[in-house]
Every structure is written in structure tokens, then in C-alpha cells.
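User: I'd like to learn how to read a structure, one feature at a time. Can you walk me through this one?

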Number of protein chains: 2
Amino acid sequence: MIKIALDAMGSDNAPFADVEGAVLAAREFNYHITLVGNEGLIKKELEKHKPVPSNISIHHASEVIGMHEQPVLSVRRKKDSSIVVLSNLAKEKKVDAIVSAGNTGAMVCAATLKCKLLQGIERAGIGIVMPTLKGPMVMIDGGANIDAKPSHILQYGIMASAYSEYILGKKSPRVGLLNVGEEESKGTGFLKEAYSLLESSGLNFIGNVEGRDFFVGDCDVIVCDGLVGNVALKVTEAVAHALEEMLKKELKSSFLSMIGAMLAKNAFMSMKKRMDYAEYGGAQLLGVNGVCIIGHGSSTPKAIKNALRVAGEEVVKNVNQHIVEAIAVRREDK
Amino acid sequence: MIKIALDAMGSDNAPFADVEGAVLAAREFNYHITLVGNEGLIKKELEKHKPVPSNISIHHASEVIGMHEQPVLSVRRKKDSSIVVLSNLAKEKKVDAIVSAGNTGAMVCAATLKCKLLQGIERAGIGIVMPTLKGPMVMIDGGANIDAKPSHILQYGIMASAYSEYILGKKSPRVGLLNVGEEESKGTGFLKEAYSLLESSGLNFIGNVEGRDFFVGDCDVIVCDGLVGNVALKVTEAVAHALEEMLKKELKSSFLSMIGAMLAKNAFMSMKKRMDYAEYGGAQLLGVNGVCIIGHGSSTPKAIKNALRVAGEEVVKNVNQHIVEAIAVRREDK
């Protein structure tokens, strides 16, 4: 049975959303889920979900790393925090995958320190599965590494390609480099160097892409440094949220449009579902020697359940093995 | 009378959209508009708008810089291109403002070369007026300068603050630095240096903001380098477009939701208008010694008209004078 450890103290609504998500996943999937965190609080939360599935257990951790704590310092100091304990379980191979909706920086730091990086990988990157008009796309890096080197960008391309191929089922995934224009001559020295590395990488590199190419779906992987990726990701969420708010306000402004909104409600819901990160199961921390999923702080129980589902899929499909092989092939070529 | 030169060869639909926009503006505002570009093509286009307003004239330019031409090279080589001729008219003070929906990089380059920069400004920046849930906000730099230094970011803050105050009417505009998190310790060395410059600038600096703060409206100015700003801007457009497409598709999927969509149509239109760049009149090239507006390549006649309207407003309100004074005050403080 696949064993997954979940940070029960991770989400903004911890342990409520985390524990309920674990219960939903334990009922639906044949995984063993270990809830890591304050035993008393977790037990109390589990009381609400009787009968508690037998494939759920608790691993006590006395500390919590808050959302705004400095990652490196907090990982070093809080050795019994849920995030550090989670990473130790992965390091000791007591679980096959770990999932947390907690402090992203701390999770990146703890997982990298404890599990180490895959052979040939210099930095872990956060891969985000995003919706497009033609199905899901992976953007990497969503913010694990804001001081990236061109070689990191190449490695992100290799890792996300493997993810796209083996998890999302894309044949020969098209990889684009996020830049300010499509021409090869565009961008900073950093981007030009990353371009040339990707061009000679053997990946299906389609050249520079722009912010406007998000959601179009003509690209299966978009690579960028963690600063740009983080802004792109958060702006996406912000636009979607603002449009929804504006539309709600407009729809309430007249009787006819209110009736219209009621009739069109299913369409709205269906669109929201297609744009919903919760459906896609969170962000992948690619590059660490283990399977690590980072959920959104505002994760709902459904989002936690989906993150657990995806974690199990990654274990079964062994993406890391494919990444290691892809890196090795490129090394031999040289 | 305010004199504005418009690149008639600028937009993707040139000279159609550009000329029609000029005619609309000439009829509505008390400006003299000089259309710069191929005289034969412009005359043919003007034929469609009889009677042609008397406050429109033509200034022939034999060349055009294409959307994909390399900015510096094309400005150097195509001395009789509409963009270079436009910039010369501004340099020679034959017009009060210039407007183009053509190659952004070439316009930045030509305007900087010909008009020179304002005293104390090291780099021009593109200021974009964006909608938020609480009114318009200025983001700078939208892509004029992708190799920015921290001092450029400070100057962007000063320029956009002046714009927000004198054009958008905000008192003591709140300035945020776009980063990956709100804490002062976040970001690259570059961002930390920019933070400290902004903090001691005397501007109403509210600290780091994130991509999720776009559209919320708790910030009047967001500063960032041109690479991050360009991605943020284009991602915004991409999300809005993708959501519209998804919603259209969903609304066509059932009879009831189609009826709903018809009833809710005014609400959609009103929302689209609030999100529409065309309403805001394009991007401001801030920092050059002159008024220069850069329109979107896909500008409609209405967008061109609004860009001309905003250009005139900037001339009247003399934003540049305010920028020069703000820079001078900060120099004296030191």
C-alpha cells in the first residue's frame, strides 16, 4: 500500500481542512495516510469523521512553522515541527510521499535538506499544473528559487517535461522559455544563456513564449525563474478573483441580470471548476529525491484530497526515475 | 491648441484603426492631430471619414518599423520611419505629445534618443494604468527596461506617484514593490536594495506587495523591473481572455444558460468595459522629456482616441514638471 504523510497543521484552516481532506482520500484511495502534527488536535478533528478509516494514523509533532516564519531559520530551529518531521519520514523512507499546505519556503528548505536533490539537479523547483484552453500545462519555477542560474532553468525544463509526459500523458512536451518577446534575441543575458542551453538540450524546445501564451495551450511546459513564476502565478489568481467579484457585482445590479445569472449559474460553476487549482492537486516540488506536494495555504478539504491523490499517482508512475534517466542521457551526450 | 502627432502606421490594423481613432479624437477634442506615415495610404483612409475635420493634418514618413524588428537597429537604420519622425517632431517641439501603437521597443528607443530623459532620470519606464476593484492603479515598468538597477526602481516610484497624483487624482499615492512575499526580508539582493531606497525616499511606500495584490486596489502604484512587469501585464490579459473564452463556451452548452447569458449580457459588457485597456488610453512612457503614449498593437479606433485624449490631458497637467520637481526635492534632501 502506498504510504503518504500529510502535514495536518499546514493549511490556513488547519487542522480542519487537512484532516477532512485526509479522511476523504483515505476513503477513496487505497493509500495509508499518516497525519503529522499535534496529536490532541488531530484526534479531536478526527472525532468528527467517524468511523475513522483504518488506513489513517497519527504521527505526533509538537511544533508548527507559521506561514510568515523565515524558512531556513525556522527549519533549523523547529526540529519537531510538522514540516521537518514530515521530511524526516520521507528521508527515512518510512513514507513514499509527503504533502503540506504550510509554509512553502520552509517545505522547500526541509525537503531539500533532508531528502537531498536528485543526481544532476542543482536546485529544486516548484512545478504548477495550470489550466489552459487545451488542457493542463506545467509552469516551473513557481517560487522555490528566486536566484536561479541558466543551468537551473535547463534542469527545470527537463524535470517538467518528464512530469508532463509521465503524469499528464503529453507526448514530446513542448517547452517554452518565458520572456518579454518571442524573438531569440529578446531578454536579459540570463535569458539568452538559458535559451541557448534549452536549444541544445534535446528537449522539444519551442523558443521564447510570453505572458500572453499562458492559458492558450500551445505550450506544455513554461520555464522561468522563481521570481517571475511566482508573480505570474499570483497575478493569475488575482485576475480570476477580480473578474469574479466584478461579475458578481454587475450581475446584482439589475433584476434581469440577476435572473440571467441564476440561469447561467451552472456555466459559471463549470468554468470555476476548470480554473480551480483544487482540481489539479497543488504544486509539485520537483528535483528532490522523494515525492513532495505543496498545497495552497487556502486549500479546501477537496484540494487536500486531490493533492494526496496526485502524490500517490506520482509514486506509482515514478517521475523521479524518469527525471534521473533524462538527466543521465544528456550527460552522456556531452 | 494642443498639438499631438500620431503614428498612423502603428497598430496591427494600421492605418485603419489609427486614422479612424484620430478622426474620432479630432471631432471630440480641441486638439490638432498630425498623422505621421505614408501620405497616400493615410489620404485613402481619410476619404472614408468625410468631412475630414480641419484639425487633422498629414506628415509624410516613407518607412515603417515592423512589430518584430530589433528596436535599436531599426531606429538607427530607418530614419524616415513613422516612429523616428514622430520622435523628431517631439524633439523639435513641433508637437506637444506623441502617440504610437507600433513597436514598443522602437518607440522607447527613439523617444529616449531624440527627446532625452528628464533631469535626474536614468531610464524611461512604461507606466500602465490598470483597473482594480477600487479604481485605477499604475504599474511601472511594463517592459521598457529589463535590465533595471535599484535606482531605476526608485525613479519609477517617483514618476508613477506623480502620475497617480496629478493625472489620476490620488492624494499621497501608496507605492508597493512587487516581490514574492510581503516581509521586508523577501526577495533577491536587487529587490532588497530597491526596498531600502524606496523606504527612505519620502514616497508613501507601503512595502512589498505580491502578484495577488493586483486588482485589489490597496495600492496606487506598483513598481517592478521591466521583465517582471511585462510578464504580469501579459498574464493579466491572457487570464481575462481565457476566462471569457471558457465562459462563452460554457454559456453555449445549454439552452437555459444561453437564455441566462442573454439576460446577463449587460453585466458582461459592463465588466468587460471596466477591464478594458482601451478605456484607459494605453501606456505612458514616463521619464522622457516629452509626452509619449504607447498603445497596444491590437488597438481599436476607440483605444487610439482614448490614447490621444490622455496625451492631451498629460500636456495640460504637465506631469513632467511635477516629476522633475519631485526628483529635485529628493536631491536637495541629501
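Analyst: Sure, let's start with a helix packed on a sheet. In chain B, helix H11 (residues 301-317) lies across four strands: E1 (2-7), E2 (31-37), E4 (97-100) and E11 (291-294). H11(B) runs at about 155 degrees to E4(B). Helices (H or I, at least four residues) and strands (E, at least two) are DSSP runs numbered from the N terminus. Axes are lines fitted to C-alpha atoms, for helices over the stretch in contact, and angles run from 0 to 180 degrees between N-to-C directions. Contact is when two C-beta atoms, placed from the backbone, lie within 7 Å.

Two ground rules. The model is predicted, so to speak of local features we need pLDDT of at least 70, side-chain atom pairs count only at pLDDT 80 or more, and totals for chains, interfaces and linings use all residues. Residues are numbered from 1 along each chain as its sequence is written, while chains are lettered from A and ligands numbered from 1 in the order in which they are written.

User: Which helix of chain B lies across E7 and E8?

Analyst: Helix H7 (residues 189-199) of chain B does, running at about 170 degrees to E7(B).

User: What is the order of the strands in the open sheet of chain B?

Analyst: Read the sheet from one edge to the other, looking for paired neighbours; two strands pair if DSSP finds at least two bridges between them. Here eleven strands with mixed pairing are ordered E3-E2-E1-E4-E11-E10-E5-E6-E9-E7-E8 in chain B. Strands E3 (56-60) and E8 (204-209) of chain B are the edges: each has a single partner strand, so one side of each has no neighbour in the sheet. From one strand to the next, the twist averages 25 degrees.

User: How many bridges join E7(B) to E9(B)?

Analyst: Three, and the two strands run parallel; E7(B) covers residues 174-178. Leu177(B) is the residue opposite Val223(B) of E9(B). E7(B) also pairs with E8(B), again in the parallel sense, over five bridges. There, Arg174(B) has Asn204(B) as its bridge partner.

User: Is Val223(B) buried or exposed?

Analyst: Count the C-beta atoms around a residue: 20 or more others within 10 Å of its own means buried, 12 or fewer exposed, and in between partly exposed, with C-beta atoms placed from the backbone. Val223(B) is buried because 32 others lie within 10 Å. This residue sits in strand E9 (residues 221-223) of chain B. Beyond four places in sequence, its contacts include Ile140(B), Ile153(B), Val175(B) and Leu177(B). Gly157(B) is another contact, 66 residues away in sequence yet 6.1 Å away in space, C-alpha to C-alpha. As for strand E7(B), four of its five residues are buried, so the rest of the structure largely encloses it.

Now try Lys43(B), in helix H2 (residues 39-46) of chain B. With 14 other C-beta atoms within 10 Å, Lys43(B) is partly exposed.

User: What is unusual to look for in the backbone itself?

Analyst: Look at the torsion angles. The peptide bond joining Ala14(B) and Pro15(B) is cis, with omega about -5 degrees. Pro15(B) belongs to the loop between E1 and helix H1 (16-28) of chain B. Chain A has a cis bond from Ile140(A) to Asp141(A), with omega near 20 degrees. Phi can catch your eye too: for Phe215(A) it is near 75 degrees, a positive value in a residue other than glycine. Phe215(A) lies in the loop between strands E8 (204-209) and E9 (221-223) of chain A, and is buried, with 23 other C-beta atoms within 10 Å.

User: How many residues of chain A are in contact with chain B?

Analyst: 52, and they meet 52 residues of chain B. H8(A) gives the most to that side of chain A, with 20 residues.

User: What turn lays chain A on chain B?

Analyst: Superpose the copies by least squares on C-alpha atoms of residues with pLDDT of at least 70 in both. A turn of 180 degrees with a shift of 0.0 Å along the axis does it, at an RMSD of 0.1 Å. The copies are therefore related as by a two-fold rotation axis. The same surface serves both: 100% of the contact residues of chain A recur in chain B. In chain A, Gly260(A) comes closest to the axis, at 1.9 Å (C-alpha).
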